[in-house]
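Trainee: Got a minute? I'd like to go through this one with you.
Mentor: Sure, put it up.

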Amino acid sequence: MIIKGKKNRYLRSQAATMKPVLQVGREGISDNLIKQFEILIEKNELIKVSLLQNTMVEPQDLIEALQNVDDSIVHIQTIGSKMIFYRKASKIKNRKYSVELENI
């Protein structure tokens, strides 16, 4: 799934003031990291991930690993070591950004 145009711009603007909620460090992409990612993205729909300096993980490696786990995860933007991901929440009570995206 690819989000383009105004929807992408909306998600980027919402993520601009967010702090990274998940950090990829020395251990790289582990099962624990993927579990944490899934929990966070289900609750928040839009999350920012930071790659620490001591990691050997490249941004493209993380994108591929997460999209192999779930095809509905959308990579929105990468700037330096910060990455933004979006996935529509399955529970209606957790939907905040997806409601706005439907109106755009």
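Mentor: Start with a facing pair: S50 stands opposite K82 in β4. Keep in mind that this is a predicted model.

Trainee: Okay. Which strand does β4 join on that side, and how many bridges are there?
Mentor: Strand β2, residues 46–51. Five bridges join β2 to β4, and the two run antiparallel.

Trainee: And β3, how does that pair with β4?
Mentor: In the antiparallel sense, over five bridges. Strand β3 covers residues 74–79.

Trainee: Which residue of β3 faces K82?
Mentor: I79 stands opposite K82. Further along, H75 stands opposite F85 in β4.

Trainee: What sits between β3 and β4?
Mentor: Two residues, and the strands form a hairpin. G80 is in that turn, with a positive phi of about 60°.

Trainee: Is β4 enclosed or open?
Mentor: Largely enclosed by the rest of the structure, because four of its five residues, 82–86, are buried.

Trainee: Where do side chains point in a strand, generally?
Mentor: In a regular strand they alternate between the two faces of the sheet.

Trainee: New topic. How many aromatic pairs does the structure hold?
Mentor: One. F37 and F85 have ring centres 5.4 Å apart and planes at 90°, so the pair is edge-to-face. The cut-off for that label is an angle over 60 degrees.

Trainee: Where do the two rings sit in the chain?
Mentor: F37 is in helix α2, residues 31–44, and F85 is in strand β4. They are 48 residues apart, so the pair links distant parts of the chain.

Trainee: Are those two buried or exposed?
Mentor: F37 is buried, at 2% relative accessible area. F85 is buried too, at 0%. Buried here means under 20%.

Trainee: Let's move on to R87. Where is it found?
Mentor: In the loop between β4 and α4, the latter being 97–103.

Trainee: Buried or exposed?
Mentor: R87 is buried, with a relative accessible area of 10%.

Trainee: Which side chain does the R87 side chain make a polar contact with?
Mentor: That of E42, at 3.2 Å.

Trainee: What else is R87 in contact with, leaving aside its neighbours within four places in sequence?
Mentor: Besides E42, the list has E38, I41, E45, D70, S72 and I73.

Trainee: Great, that's what I needed.

Technical notes. Residues are numbered from 1 along each chain as its sequence is written. This is a predicted model: local features need pLDDT of at least 70, side-chain atom pairs count only at pLDDT 80 or more; totals for chains, interfaces and linings use all residues. Side-chain values use heavy atoms; hydrogens and water are left out. Buried means under 20% relative accessible area, exposed over 50%, partly exposed in between (1.4 Å probe, protein chains only). Two strands pair if DSSP finds at least two bridges between them. Rings of Phe, Tyr and Trp (its six-membered ring) pair if their centres lie within 6.5 Å; planes under 30 degrees apart count as stacked, over 60 as edge-to-face and the rest as tilted. A polar contact is a pair of N or O atoms within 3.5 Å; within protein, one must be able to donate a hydrogen and the other to accept it, and residues adjacent in sequence count only if both atoms are side-chain atoms. Contact means heavy atoms within 4.5 Å.
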